[in-house]
Amino acid sequence: MTSVKTPADEAEARAIQDELRKSVVLDEAGPPPGRGLVAGVDVAYDDERDLVAAAAVVLDAATLEVVEEATAVGHVSFPYVPGLLAFRELPTVLAALESLTAAPGLVVCDGYGLAHPRGFGLACHLGVVTGLPSMGVAKNPFTFTYEEPGARRGDAAALVAADGAVVGRALRTQDGIKPVYVSVGHRISLDNACAHALALSPRFRIPESTRHADSLCRRALREAS
DNA sequence: GCGACAG
DNA sequence: ATCTTGTCGC
């Protein structure tokens, strides 16, 4: 039974990140793309009712067919603070993940991993607390910069932090469409994470894993009592 | 010091 | 994240 402690304040949240960060494993290649099971996770909010709904969807990486779905609904326990997103999303996401029967070999998060102010984004946090290989695919460049990659699907460019460190990759998943921002979470290489992101996005900008999780958590939120 | 800033 | 229908196009 994994869990994420809800910090009393932002200072405590940062301290937790700095501590857990030591457990991130970056020297594993991770599961090869195109086979095995991959889970996508996402959350949706209802601020009016103070609810958060999470979804975990397991896909067959070879066919991208849905193997299993799970959802969880909880109360929002932490405000949105850039850099502290994990404390807002993970408690409910973990509940959804734990109710799965299938055991995914990789979890794809909607957000960042290593590309983070303290090098410990959502995907790293999820990876460390579950022990599973994890990666992040974000829709916006956050505070990072990059040279515009080539226009073709598969073209990529380094995602760079203010201090010049390469923290991920801007990856074009569809010809002529805005790239997504891939970063490593836990127990996977950046090359492999990008290969997965590409394999999971045969038709749309966003990986199928995230698309399925997104629609499922919205539905779960609507149907929540 | 202020603002910007994954979802 | 969220406010939001129909509509244009492959």
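Around DNA strand C sit Ala44, Tyr45, Lys139 and Arg218, where a residue is near a strand if one of its heavy atoms lies within 4 Å of it. This is a predicted model, in which local features need pLDDT of at least 70 and side-chain atom pairs count only at pLDDT 80 or more, while totals for chains, interfaces and linings use all residues. Side-chain values use heavy atoms, with hydrogens and water left out; residues are numbered from 1 along each chain as its sequence is written, and chains are lettered from A and ligands numbered from 1 in the order in which they are written.

**DNA strand C**

- Lys139 places a polar side-chain atom 3.1 Å from a phosphate oxygen of DNA strand C, and Arg218 does so at 3.2 Å.
- The surface near this strand has two nonpolar, no polar and two charged residues; Ala, Val, Leu, Ile, Met, Phe, Trp, Tyr, Cys and Pro count as nonpolar, Asp, Glu, Lys and Arg as charged, and the others, Gly among them, as polar.

**DNA strand B**

- Here 18 residues surround the DNA, and Gly83, Leu85, Lys139, Asn140 and Phe142 come nearest.
- Helix H2 (residues 85–98) gives the largest share of this surface, three residues; helices (H or I, at least four residues) and strands (E, at least two) are DSSP runs, numbered from the N terminus.
- Phosphate oxygens of DNA strand B lie 3.3 Å from an N or O atom in the Tyr80 side chain and 2.9 Å from a polar backbone atom of Lys139.
- A polar backbone atom of Leu84 is 3.4 Å from a base nitrogen of DNA strand B.

**The sheet**

- Eight strands make an open, mixed sheet in the order E3-E2-E1-E4-E5-E8-E7-E6; two strands pair if DSSP finds at least two bridges between them.
- Strands E3 (66–75) and E6 (156–160) are at the edges with a single partner strand each, so one side of each has no neighbour in the sheet.
- Strand E2 (residues 51–60) runs antiparallel to E3, joined by nine bridges, and Ala55 has Thr71 in E3 as its bridge partner.

**Arg172**

- Is Arg172 buried or exposed? Arg172 is buried, with a relative accessible area of 6% (buried is under 20%, exposed over 50%, partly exposed in between, with a 1.4 Å probe and protein chains only).
- Arg172 belongs to the loop between strand E7 (166–171) and strand E8 (180–186).
- The Arg172 side chain reaches the backbone oxygen of Gly150 at 2.9 Å.

Notes. Polar contact = N/O pair within 3.5 Å; in protein donor to acceptor, adjacent residues only side chain to side chain.
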